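Student: Before I rely on the words used for a model, I would like to see how each of them is earned. Could we go through them one at a time?

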Amino acid sequence: MLKRMNWLVAAPKDFRVQARALHAEVAAARDRAPAEDLGLRIHALANHALDENQLVALARLAADAVKTGLAPQLFSALKLGVFGDGTLSLLAPAIAGTALRHRLMIDTLVGEFNAALFEALDPASRVRAAGLDMALMVSDARVLGLDQPAASREAAEAAVDRAFAQLRQTVEGLRPWVASAILVQTVPPPLEPLFGSYDRVQPGSPLSMVASFNQRIADWAASGAVVIVDVARLAASVGLETWDDPGHWHASKLGFSPDLLPVYADVVARTIAAVRGLSRKCLVLDLDNTLWGGVIGDDGLAGIVVGQGSATGEAFLAVQRMALALRARGVVLAICSKNEEANARAPFREHPDMLLREDHIAVFQANWTDKAANLRAIAETLNIGVDALVFLDDNPAERMQVRRALPLVAVPELPEDPALYARTLAAAGYFDAVAFSKEDRERAEMYQANARRAAALSASGDIGAYLASLDMVCTIDFVDDVARARVAQLVNKSNQFNLTTRRYSEAELAAAIRDPMRRVVQVRLVDRFGDNGVIAVLIADKGADVWEIDTWLMSCRVLGRRVEEACLAHLAAAAKASGAQALIGKFVPSAKNAMVKDHYPKLGFSRERELEGTAIFRLDLDSYVAPTLEMAVDDRTLAAGVGREAAHA
Amino acid sequence: MRREEILVEIRDVMADVLGIDADAEDVTEATTASDIEEWDSLSHIRLLVAIERKFKLRSRFTNSEIESLKRVGDLVTLIEKKTSA
């Protein structure tokens with residue numbers, strides 16, 4: 001399943017012809033503007049199950065497209081360094097070709113063979129001038145010396161220490177030259193047993209040493225210092241016998257079977273996409289023959305197959321169980337089905353064996369309109385893009401219609417047998433994460449609370465009274481270690497309410513927090529329906545006379561709640577207290593942030609000038625009066641006073 | 001499979017793997033890696049993997065077989081041997 005990547009549609013027969021034609025269009029884009037849909041067509045071609053040679057063809061195309069800066073609103077561009085053990089030059093093009101599927105336009109820099117540490121530490125290294133956004137560390141047990149048994153527990157620990165220390169030194173050497181995340185791969189264990197089953201007991205066996213090395217990487221990633229790419233897990237999932245290919249290692253020092261380059265590259269690319277905030281957010285489920293066997297409209301409540309006692313019924317339960325597990329980790333669930341609404345809802349309300357209940361579903365679209373229109377409606381209701389949706393449907397015709405109408409919705413192919421639905425969905429890794437915060441855990445609840453708030457609004461009518469009825473408490477505070485991961489996530493994910501769309505890695509964010517010349521604050525909002533968590537982030541550069549707002553972003557969940565006015569009141573008070581006379585705000589237009597075009601004028605800023613598309617606004621603090629809001633504001637930065645800020649810096 | 005048929009299939013694989021036009025005049029049995037710019041040691045690995053897949057070879061190329069390949073004709077001979085076995 002993983003090896004063939006069967007959640008993807010098979011490559012078109014004329015792939016070579018299509019790839020060449022697209023490449024020619026990309027090359028021509030240097031002289032004249034390309035067709036508007038060229039980016040989408042490239043993405044569509046990449047969104048097939050491709051072999052390693054087809055990926056190389058796409059990597060060549062991507063290399064040219066990077067130069068022309070093609071379709072920046074569709075593809076997130078980045079420069080990736082690939083370093084480490086074995087032959088890396090086969091990995092890099094597979095990653096760059098695959099990346100287009102994940103809406104990344106990757107230009108790679110390939111490290112020298114087995115020379116990562118040297119390249120990381122050498123002051124004259126080309127790595128330092130390369131302008132890397134991210135780096136990938138590839139490790140191999142055979143190069144780390146973890147494939148040879150150690151004589152004692154002490155010798156085994158020393159070998160693991162040495163291997164990990166070298167990896168760590170390489171990463172720390174690279175870190176100043178890498179703007180964002182550093183990805184570190186785990187290592188698959190050697191296949192050949194030494195003691196047999198006793199290898200697991202024996203600390204000096206290669207199996208035990210590799211396990212201990214991988215655990216070190218996991219602990220490291222838990223600290224937030226690196227992002228883990230679990231290649232050991234991938235190798236175990238496809239099977240070590242399939243993964244490990246001694247012939248290729250001996251001939252070319254390629255660490256695994258080249259047949260697995262495509263799925264390996266997909267795992268790497270989806271991790272990079274997750275770092276860039278491009279993971280999916282919502283799972284949309286069809287009903288008939290996707291969540292239960294049979295057709296509810298024809299077969300009725302007693303006729304559909306779901307639940308224990310039949311193999312088919314259990315297969316559909318497994319799909320529901322997976323949906324619930326995803327929901328528990330923050331993935332929002334929605335329904336999109338061609339059915340009478342009353343029929344569609346009946347099993348959720350009345351069928352004793354259903355695990356999914358109406359409570360779990362944020363948006364329920366059951367009608368006879370086409371599914372693309374319903375998916376659009378789901379995205380609108382949740383205030384997310386259709387590119388955040390995954391649509392699970394057993395019907396190939398529906399899948400094709402959705403792919404045509406909404407090419408950015410992820411629509412996995414499904415095998416005939418429902419027993420494999422859950423596994424196929426999981427294998428695609430649509431919801432891969434690089435961190436897991438309290439907000440993630442509670443996100444699905446928050447989206448549902450939102451739906452209830454919308455209902456409350458339509459019942460009340462008067463906005464002021466409605467806002468007052470929400471019992472809002474807005475908390476403004478500096479960013480501590482606990483909140484940092486969530487703040488980084490917001491900074492890298494927010495597209496719509498984001499004035500400058502400036503991205504910060506967690507490390508860059510930590511640096512900004514420490515910088516005494518910058519003010520980084522998080523804003524949280526609790527109301528009577530629940531805790532919305534962190535809903536705004538502000539970063540300001542503190543000048544003597546003026547404070548410049550570098551970053552202002554808010555979660556769209558709290559639009560219309562006057563939180564932005566609370567944010568401004570905070571910034572104005574802090575700037576004034578430090579002796580500044582004005583605030584400067586900028587609007588940098590992107591493909592997605594048109595909604596905040598007039599953000600500053602609405603708040604009373606005057607337009608100063610325009611610079612290369614960026615509009616610059618100014619607010620004189622002398623004439624600014626903080627408004628009265630329908631919420632309690634708990635500004636902990638002011639309460640704590642200057643002492644706390646200094647201590648914080 | 002006749003040698004000429006094998007050669008036609010090899011040209012097709014080369015077009016995919018090397019991203020070149022591999023017509024009859026470009027690739028003959030006498031062609032060597034030094035004749036084709038895109039055919040370097042890395043694309044050579046991909047080429048052999050793609051050929052194993054294309055001809056559905058039951059046994060993989062061994063390292064000594066790979067090292068014995070000097071020209072496209074050697075590759076044809078090897079495939080002939082492996083497909084008739």
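The conversation below takes up some descriptive terms and sets each against its criterion.

Tutor: Keep in mind throughout that this is a predicted model, and that the values we discuss are computed from it.

Student: How do you know whether chain A agrees with a compact globule in its radius of gyration?

Tutor: The globule rule multiplies 2.2 Å by the number of residues to the power 0.38. For 649 residues this gives a value near 26 Å, and because chain A has 26 Å, the two agree. Along its principal axes, the C-alpha trace of chain A spans about 75 × 70 × 60 Å, and the secondary structure of this chain comes to 25 helices and 19 strands.

Student: What makes chain B, with its 4 helices and 0 strands, as compact as a globular protein of its length?

Tutor: For 85 residues the globule rule gives 12 Å, and the radius of gyration of chain B is 12 Å, so chain B is as compact as a globular protein of that length. Its elements run α-α-α-α from the N terminus on, while the C-alpha trace of chain B spans about 30 × 25 × 20 Å along its principal axes.

Student: Why is A:Leu132 called buried?

Tutor: A residue counts as buried when its relative accessible area is under 20%; A:Leu132 has 2%, and therefore it is buried. By that criterion, 53% of the 649 residues of chain A count as buried, and in chain B buried residues make up 44% of the 85.

Student: Where is A:Leu132 found, and which residues is it in contact with once its neighbours within four places in sequence are left aside?

Tutor: A:Leu132 is found in the loop between helix H5 (116–121) and strand S5 (134–138) of chain A. Leaving aside those neighbours, A:Leu132 is in contact with A:Lys79, A:Leu80, A:Gly81, A:Phe83, A:Leu109, A:Val127, A:Trp177, A:Val178 and A:Ala179. A:Trp177 is 45 residues away from A:Leu132 along the chain, yet the C-alpha atoms of the two are separated by 6.6 Å.

Student: What share of the contacts in chain A between residues at least 6 apart in sequence joins residues at least 24 apart?

Tutor: In chain A the share is 74%, and in chain B, counted among contacts between residues at least 6 apart, the share is 56%.

Student: How do you know that strand S16 (residues 582–587) of chain A pairs with S18(A)?

Tutor: Pairing requires at least two bridges between the strands. S16(A) and S18(A), which run antiparallel, are joined by 6 bridges, and A:Lys586 stands opposite A:Ile616 in S18(A). Strand S17 (residues 606–611) of chain A likewise pairs with S18(A) in the antiparallel sense, over 5 bridges, with A:Leu611 opposite A:Thr614 in S18(A).

Student: What do S17(A) and S18(A) form, and how many residues lie between them?

Tutor: S17(A) and S18(A) form a hairpin with 2 residues between them, and A:Glu612 in the turn has a positive phi of about 45°.

Student: What makes strand S18 (residues 614–620) of chain A mostly covered?

Tutor: The wording rests on the buried criterion again, since under 20% relative accessible area is required; in S18(A), 5 of its 7 residues are buried.

Student: How far apart do the centres of the positive and negative side chains of chain B lie?

Tutor: Chain B has 13 positive and 19 negative side chains, and the two centres lie 9 Å apart. In chain A, the mean positions of the 70 positive and 80 negative charges are 2 Å apart.

Notes
Residues numbered from 1 in each chain as written. Chains lettered and ligands numbered in written order. Heavy atoms only, no water. Buried < 20%, exposed > 50% of the residue type's maximum accessible area, 1.4 Å probe, protein only. Contact = heavy atoms within 4.5 Å. Lys, Arg positive; Asp, Glu negative; His and termini not counted. Charge placed at Lys NZ, Arg CZ, Asp CG, Glu CD.
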